[in-house]
Amino acid sequence: MGVAACISELYDSCHSIHRSREKLKKRNQLQTVEIKIKMDCEGCERRVRKSVEGMKGVSSVDVDPKKSKLTVVGYVDPGKVLYRVRHRTGKKAEMWPYVPYDTVEHPYVPGVYDKRAPDGYVRNTAVVDPEMLDLARASSPEIRYTTAFSDENPTACVVM
């Protein structure tokens with residue numbers, strides 16, 4: 001066995017390790033993808049479900065027509081799931097823009113409150129414009145005035 005053969009074997013072993021690392025990086029992680037898509041009837045619901053059931057890496061599909069919500073769990077890319085739903089159904093679809101009502105500080109600020117949101121949900125403040133976020137934060141005088149007459153504040157005014 002010559003020097004060239006040893007170098008060739010060393011190169012091949014290092015190169016094959018590098019390829020296996022690439023494969024590990026490309027693998028998607030388990031995640032939950034939530035999509036908002038309008039469904040009017042059982043046929044729409046069935047079409048939405050079948051559009052993503054055949055995808056590689058999908059573990060489970062949950063369709064909630066009352067909330068207009070599709071939930072996909074699996075080793076999938078959210079962008080690909082969204083594209084496939086749009087392409088296969090021909091419907092307008094977007095990532096789920098709502099969060100539970102309890103997680104937002106000021107849920108009735110313009111831009112956060114949405115009349116079309118399902119019960120118990122408001123718009124995600126991370127998706128809202130930065131200008132609207134400034135309105136969502138209460139200023140210090142506002143907090144002072146609202147807590148001055150609060151029942152939870154022991155040093156509050158007892159006039160009431």
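**Reading a predicted fold, beginning at Ile37**

User: Which residues is Ile37 in contact with, once its neighbours within four places in sequence are left aside?

Analyst: Ile37 is in contact with Val48, Ser68, Lys69, Leu70, Val85, Thr89, Lys91, Lys92 and Ala93. Please keep in mind that the model is predicted.

User: How many helices and strands does the protein chain hold, and in what pattern do they follow one another?

Analyst: The protein chain has five helices and six strands. Along the sequence, their pattern reads α-β-α-β-β-α-β-β-β-α-α. Contacts add a second view: among those between residues at least 6 apart in sequence, 53% join residues at least 24 apart.

User: What share of the residues counts as buried?

Analyst: Of the 160 residues in the protein chain, 25% count as buried. The accessible surface of the protein chain is about 12,100 Å², and carbon and sulfur atoms account for 53% of this surface.

User: How should I read a nonpolar core, and which residues have the most contacts inside the largest one?

Analyst: The general idea is that nonpolar side chains tend to be buried together in soluble globular proteins. In this structure, the largest nonpolar core has 18 residues, and those with the most contacts inside it are Ile35, Ile37, Val52, Leu70, Val72, Val81 and Val85. At least two residues of this core come from each of β1, α2 (42-53), β2, β3 and α3 (78-89). Two of the residues just named, Leu70 and Val85, also appear among the contacts of Ile37.

User: Which strands pair with β3, and in what sense do they run?

Analyst: Strand β1 (residues 31-37) is joined to β3 by six bridges, and the two run antiparallel. Strand β2 (residues 58-64) also pairs with β3 in the antiparallel sense, over six bridges. As for cover, β3 itself (residues 69-74) has five of its six residues buried.

User: Which residue of β3 could I follow as an example of this pairing?

Analyst: Thr71 serves well, as it is found in strand β3. Thr71 is the bridge partner of Glu34, and Asp62 stands opposite Thr71 as well. Leaving aside neighbours within four places in sequence, Thr71 is in contact with Thr32, Val33, Glu34, Ser60, Val61 and Asp62.

User: Is Thr71 buried or exposed?

Analyst: Thr71 has a relative accessibility of 14%. The cut-off for a buried residue is under 20%, so Thr71 counts as buried.

User: How is the turn between β2 and β3 to be read, and which residue in the turn has a positive phi?

Analyst: The general idea first: most residues other than glycine have a negative phi. In this structure, β2 and β3 form a hairpin with four residues between them. Ser68 lies in the loop between these two strands, and its phi is positive, about 55°, although Ser68 is not a glycine. With a relative accessibility of 18%, Ser68 counts as buried.

User: How many salt bridges does a search of the whole structure find?

Analyst: The search finds two salt bridges. In one, the side chains of Lys69 and Glu34 meet at 3.3 Å, N to O. This pair links distant parts of the chain, with Lys69 in strand β3, Glu34 in strand β1, and their positions 35 residues apart in sequence. Lys69 is buried, at a relative accessible area of 10%, whereas Glu34 is partly exposed at 30%.

User: Which residues form the other salt bridge, and how far apart are the closest N and O atoms?

Analyst: Lys36 forms a salt bridge with Glu94, with 3.8 Å between the closest N and O atoms. This pair, too, links distant parts of the chain: Lys36 belongs to strand β1 and Glu94 to strand β4 (residues 93-95), 58 residues apart. Glu94 is partly exposed, with a relative accessible area of 28%.

User: How many disulfides does the structure hold?

Analyst: The structure holds zero disulfides.

User: Why do Cys41 and Cys44 not form a bond?

Analyst: The reasoning rests on a distance, because a disulfide requires two cysteine sulfur atoms within 2.5 Å. The closest cysteine sulfur to that of Cys41 is in Cys44, at 3.6 Å, which is too far for a bond. Cys41 is partly exposed at 43% relative accessibility, whereas Cys44, at 7%, is buried.

Technical notes. Residues numbered from 1 in each chain as written. Predicted model: local features only at pLDDT ≥ 70, side-chain atom pairs only at ≥ 80, totals over all residues. Heavy atoms only, no water. Buried < 20%, exposed > 50% of the residue type's maximum accessible area, 1.4 Å probe, protein only. Pairing = 2+ DSSP bridges. Contact = heavy atoms within 4.5 Å. Areas by Shrake-Rupley, 256 points an atom, 1.4 Å probe, with all protein chains shown as cover. Core = buried A, V, L, I, M, F, W, Y, C linked by side-chain atoms within 4.5 Å. Salt bridge = Lys/Arg side-chain N within 4 Å of Asp/Glu carboxyl O.
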